[in-house]
Amino acid sequence: MITGPTPTENSLSLRAGGFSTLAEALDYAAGGETGCNFYGDRGELYASLPYTELREQARLLARRLTGLQLERGARVAIVADTGPDFHRFFFACQYAGLVPVPLSASLLISGRKRYVTQLRALLAHCRPSVAMAPPEFFPFLSEAADGLDLVHIGTPETFDCLPETQERTEPLRPTETAYLQYTSGSTRFPRGVMIAQTAVLANLEGILQQGLQIGPGDRAVSWLPFYHDMGLVGFVLAPMVCQVSVDYLKTQSFAMRPRLWLSLMTQTKATISFSPSFGYEMCVRRLRQDEADRFDLSAWRAAGVGAETIRPGVLKEFADALAPSGFKPSAFVACYGMAEASLAVSFAPIDKGIVIDRVDRSLLAKCGVASPLSECELGSDSDKTSVSRFVNCGVPLSGIEIEIRNEQGLVLPDRHAGVIFVRGANMTSGYFDDPEKTRKVLSPDGWLDTGDLGYLVEGSLIIIGRKKDVIIVHGRNIWPQDLEHLAEELPEVRPGDACAFSIERPDRTEMAVMVVHCRELDPAKQADFIYRLQGLIREYFALDCFVELVPPRTLPRTSSGKLSRSKTREEFLTRNDTARLFHGRNGSDHDRLPQPDQQADSCAASSR
Amino acid sequence: MALYDTILPRLYEILKPFAQEGQTLSDETELVADLDLDSMKVMEILLEVEERFDISIPLNVIPDVRTIRDFARQIEQLTEQK
């Protein structure tokens, strides 16, 4: 029987670091009363799991897993739906010397094929010995694992029937891998980031002590998925490592009813909760009139923002709309990080809110110099277009170094834009089973090439964009290669005919674009082709993609003959008036640009 | 009238705002491929359906819903189970 959520107060004295393994941290947390709480899709508490019980259950399950006689470090695939079983399995692995691999638990309308394909690709890549999915997800997992050689696959219940071993279990040691995290759902290019115990614990210590300044009385709320770094490291591992109680909503419940997040914050008086910008945006969109004062967000002292481009406009709207609830704009904490760094690289100072750096746009574009503009230079609204505004993502957590380098690899001074490189004890030990990909981003002396662009100002990091190809929509990473590969499923598209990339909308969200070679001259058939391609992309990626048709053999290539995404993007932006582009999506409204007819004209004209 | 036939018009009403201009909806219309839906709009629709039909849609039925007919059949089943 559930009597209520675990308390915020703890009889155990708070210790936010100094552990050498996650198992050791849980051993300590089990000495208190705090723990994890799980809420259903109407916000009702359905399970409560104090750390002390979690430890017992995890150790019991570890003995059952050990009974399977798996080799040390064998992978355990866990379909990471939000629920107590995830915790039980994740920590059982810690005690049993096995490596947990959280897998996506995101189901979309008519998405069965896509989801099963994705699961299958990840299973094939990490070759787990054991796989688990909650009952609702098990049919998909079972279909995905068909023909794969697993020692045991089942729902959590089936594991409870396994015999316990009499042997002593041997928890993962400090130098061993703590978990394997897939950074994207890419079926063609899975990237399994390996994180050692020491790495994640170093990062957690920085996040908790320096980033959040955690203390007694803190409590966390999260709806972030457990298969993303912010959800897993930030809200499964971090609360446990500092013995703080945490309340979970399923991601799906939040997506349907964003206000549940605010209700739960109100109800639990939570002090810490994070989201990408779009989460705050969804709340504002769905907030009902005169409702804000029914929430009490006055205890919320760290409202973290990260995972995708931080959009200050959206955050301001949130703060304004929720001012009656006692929400303080100073609670916003901008962060920068990535799964390869365990989670976080930098944190803006707590209690300072969002700080914006205003720089001269043309100087930045032409010379790569972020020259600050003072208030008087900012002038009137009329010359807004000459100003770029970027969010200050704070200083690196202790033990992390940041360098900004130019294309030649030279380290640049303050306010010079370049590629962001990071180094520290929290970095990944590499991509699982992929030394080549690892070598590409991780140097022998430990520097990680983040693929992001930015500059430093007196030690603070400012992100301006991305060099790498990934498209980020609603915090989700989508690889252009996957979109291009999907396009090739259509009979008209041959390999090398499609090039995908993302462009930024004026509100700084991203839009996926695909430029495709078109041999068809009939406008009606062209329109039909665009329609089918967009439908396919929506079905597989739940993503709206802008499609532009161009004549055959016109996509730019690099000197080695590969498609050049950056050049294609550049040419696309030159060809199209983006201001009008953003007004609508093609295929959805025939009054708007660019229309299939006009695309037909340009296509036909250039192929004559 | 069968339950299904009462569900269909109510479902059309919910989905209509997401149809493309000039598009007529039928029970064969594919939700994702034919309508202008991204993942956020899908959530709004699910919410709308849950509230109007007073049902709870389990996560695992969602991936097998392709057409408006599939959707209406699911709603029918969930309503009967209530």
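**Chain B and its contact with chain A**

With 82 residues, a compact globule would have a radius of gyration near 12 Å, and chain B agrees, since its own value is 12 Å. Keep in mind that this is a predicted model.

**Exercise 1.** Work out which secondary structure chain B has and in what order its elements run.

*Solution.* Start with the tally: chain B has 4 helices and 0 strands. Then walk from the N terminus, and the elements of chain B read α-α-α-α.

**Exercise 2.** Describe the overall dimensions and the packing of chain B.

*Solution.* Take the extents to begin with: along its principal axes, the C-alpha trace of chain B spans about 35 × 30 × 20 Å. Next, burial: 28% of the 82 residues of chain B count as buried, where buried takes 20 or more other C-beta atoms within 10 Å of the residue's own. Now look at the contacts in chain B between residues at least 6 apart in sequence: 61% of these join residues at least 24 apart.

**Exercise 3.** Take apart the side of chain B that touches chain A: how many residues, from which elements, and of what class?

*Solution.* Count each partner's part: chain B gives 24 residues to the contact, and chain A gives 24 residues too. Then assign them to elements: on chain B's side, those giving two or more residues are α2 (31–34) and α3 (39–53) of chain B. Of the two, α3(B) supplies the largest share, with 5 residues. Finish by sorting this side of chain B by class, which gives 13 nonpolar, 4 polar and 7 charged residues.

Key. Residues numbered from 1 in each chain as written. Chains lettered and ligands numbered in written order. Predicted model: local features only at pLDDT ≥ 70, side-chain atom pairs only at ≥ 80, totals over all residues. Contact = placed C-beta atoms within 7 Å. Nonpolar A, V, L, I, M, F, W, Y, C, P; charged D, E, K, R; others polar. Rg over C-alpha atoms; globule rule 2.2 N^0.38 Å. Buried ≥ 20, exposed ≤ 12 C-beta atoms within 10 Å, placed from the backbone.
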